[in-house]
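Student: I'm new to this structure and would love a close look at one part of it. Could you walk me through the largest nonpolar core, and tell me which residues have the most contacts inside it?

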Amino acid sequence: MNMEFKRKLPIPKDLKAMYPASDEMLEVKNRRAEEIRNIFSGDDSRFLLVIGPCSADNPEAVLDYISRLALLEEKVRDKIFIIPRIYTNKPRTTGEGYKGILHQPDPEKKPDVFAGIVAMRKLHATAIEETGLTSADEMLYPENYRYVDDLLSYVDWLEPDVVLVMYTAGSLA
């Protein structure tokens, strides 16, 4: 796969300053992180459900879906803790084809990782603002996690032959 240098990406701290999470979003994220911690530790008997499509490539459709999940969550919250999937990468064995919103936020335009990181951050932030639900994402490139660690509740890390899952109790800034 050929690579061409386009521009230097900002460090996560700088991008977060450009697109900050509000105090309300951080409060929601911290509350939900505590609930997840309690579920994993057995102090909360609810079932944790990570649900959603394998790729979040259409922000309007993603937000519509998550809004519907938020309505469902209100009805089942005493038994089920819902974490919507907003997976912003599409793994490709050969490296060819559409790789998701992170690489190409507009499928009709050329890939732009900076615009993709911004789109990824905005999508996760908007989901919290509009629904009160924090989400899960898949980190095919773990270095991208720090751009959204203050917004996510759950992360799938893909390593060769292993899937590592973690919930995010705090931010790495």
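Tutor: Let's start with the whole protein and then work our way in to that core. Keep in mind that this is a predicted model. The protein has 173 residues, and 44% of them count as buried. Its secondary structure comes to 4 helices and 5 strands, and if you read along the sequence you meet them in the pattern α-α-β-α-β-α-β-β-β. Take the contacts with a separation of 6 or more: 61% of those are between residues 24 or more positions apart. As for the outside, the accessible surface is about 9900 Å², with 54% of it belonging to carbon and sulfur atoms.

Now for your core. The largest nonpolar core is made up of 14 residues, and the ones with the most contacts inside it are Val62, Ile66, Ile86 and Leu123. Two elements give two or more residues each to this core: helix H3, which spans 59–76, and helix H4, which spans 113–131. Of the contributors, H3 gives the most, with 5 residues.

Ile86 is a good one to zoom in on. Setting aside its neighbours within four places in sequence, Ile86 is in contact with Val62, Ile66 and Leu123, the other residues picked out above. Its contacts also include Ala56, His124 and Ala127, along with the run Ser135, Ala136 and Asp137.

One last thing to look for: apart from this core lies another one, of 13 residues, and among them are Leu15, Met120, Met139 and Trp157.

Notes:
Residues are numbered from 1 along each chain as its sequence is written. This is a predicted model: local features need pLDDT of at least 70, side-chain atom pairs count only at pLDDT 80 or more; totals for chains, interfaces and linings use all residues. Side-chain values use heavy atoms; hydrogens and water are left out. Buried means under 20% relative accessible area, exposed over 50%, partly exposed in between (1.4 Å probe, protein chains only). Contact means heavy atoms within 4.5 Å. Accessible areas come from the Shrake-Rupley method with a 1.4 Å probe; for residues, only the protein chains shown count as cover. A nonpolar core is a set of buried Ala, Val, Leu, Ile, Met, Phe, Trp, Tyr and Cys residues joined through side-chain atoms within 4.5 Å.
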